[in-house]
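Me: Could you take a close look at one helix with me and walk me through how it sits among its neighbours? I'm new to this, so keep it relaxed.

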Amino acid sequence: MGISSANGTSAAPKTGSALHHSVTAFSVKKGLMMLRGIEACCPPGTGDAARPQSAEKGKVMARRPLLVTMRDRIVIINKSLINQTCGPNGPHAAVPPALSCCMSPGSPASADSDSKRRRALPIPRATLGMQTFVPDSSVVSDTVPSVNFGDRAKGRLPDMIVLHYTGMPDVEGALARLCTSGTDVSAHYVVLEDGRVVQCVQEAKRAWHAGAASWAGEEDINSCSIGIEIVNRGHDWGYPDFPLRQIAAVIALCRGIILRRDIPAHRVVGHSDVAPARKKDPGEKFPWRSLANSGVGHWVQPAPIVRGDVLKMGSEGDNVLALQESLASYGYGIKTSGKFDTPTTEVVTAFQRHFRPERVDGIADQSTLKTLQTLRDSLAPGATTAATT
Ligand SMILES: [Zn+2]
């Protein structure tokens, strides 16, 4: 079963255009403005009070998904209707169904289609008896406890977010892999295509999402980070665009984590940034620009692609050394050898996926070099991290 049918949405991923074209900064910003408007009339805590609490002990806690409301905040364009969601029936009360799914291309705005889309979470059988926990974030709709976690090394507090895609054909398989024993992988959060946010590991614990990785001179990335898996089939399965409601949920989740943990913008990265030799996720379609416009992550407008000298596999000399030093000082794990070798190509490719997604070829052209320079120049003073190895 594919992901689209698994979550019941008829909104097939758009093809032919990268998401950063279809998700405009305006639309995401507008959604967040509305989110702030809702929060203004629904003080923190009231949402939790309005949610049904844990049903049966020992079973997965099914709480009213806050994101149902959040998604509606994004689609509601009449502010008087926003107030309806926070009316006398309490915060996050039933939203008029006609308002709830107009962001899905081709999906009829009806209660029927809405209930179909919001099908039950595919909870792995092995986790059903596990003790659940109180979510760390108010945007979490469900907890599905994973057995795969440990303690953060030396009590390290997380000051970094690593974003992933699941890279699997369906959400059922992804949740099973992330939560059951024997796989040795997990993440703190999983963000579904319909915008639901599932927490699998408490933030205080060390989830196993990064693997062999490096950033800013640190190699135990699992101990210093919070891992978020974004449900997407990935490059091996067609790599669909990320739906808007999913990106809005990622933004809302990250904003909370960033505020609570004081995470610097340049420490919100992709898995490919910390493991460029092994990983492509979340990939060049991930709308980093939209995230940055909504206060999540560090991003600058890429320099235009023009003709000119390039550095590529086999190049050697001071210019290569300067490139490697620049990438290393931003955080990438790269040796400063002065030789443009395979690892350098991999790091340049990872940089392009994140910061210059128009062309991802591992060749350091003028656009790539200028974008890197602008990115470094835009860091707050003292934010650059020496990571030369
Ligand atoms: Zn990953």
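Reply: Let's start with a word we'll need: a residue counts as buried if 20 or more other C-beta atoms lie within 10 Å of its own. Keep in mind that this is a predicted model.

Our helix is α15, which covers residues 366-377. It has twelve residues, and from its first C-alpha to its last it reaches 16 Å, close to the 16 Å expected at 1.5 Å a residue.

Now, which residues of α15 are buried? They are Thr368, Leu369, Thr371, Leu372 and Leu375. These residues cover an arc of only 165° around the axis, which puts them on the same side of α15. Here's the general idea behind that: an α-helix has 3.6 residues a turn, so residues three or four places apart point the same way.

And what do the buried residues of α15 pack against? The partners are α13 (318-330) and α14 (342-355).

Let's follow α14 for a moment. Its 14 residues should span 20 Å at 1.5 Å a residue, and its end C-alpha atoms are 20 Å apart, which agrees. Plenty of names turn up as buried here, including Val347, Val348, Phe351 and Phe355. Their cover in α14 includes α15 and α13, along with β8, α11 (271-274) and α12 (288-293).

That strand, β8 (268-270), leads us to a sheet: it's one of the edge strands, pairing on one side only. The sheet is open, with six strands in the order β1-β5-β4-β7-β3-β8 and mixed pairing. Strand β3 (residues 161-165) runs parallel to β8, joined by three bridges, and Val162 has Val269 in β8 as its bridge partner.

Terms used. Residues are numbered from 1 along each chain as its sequence is written. This is a predicted model: local features need pLDDT of at least 70, side-chain atom pairs count only at pLDDT 80 or more; totals for chains, interfaces and linings use all residues. Helices (H or I, at least four residues) and strands (E, at least two) are DSSP runs, numbered from the N terminus. The expected span of a helix is 1.5 Å times one less than its number of residues. A residue is buried if 20 or more other C-beta atoms lie within 10 Å of its own, exposed if 12 or fewer, and partly exposed in between; C-beta atoms are placed from the backbone. The arc is that of the directions from the helix axis to the C-beta atoms. Two residues are in contact if their C-beta atoms, placed from the backbone, lie within 7 Å. Two strands pair if DSSP finds at least two bridges between them.
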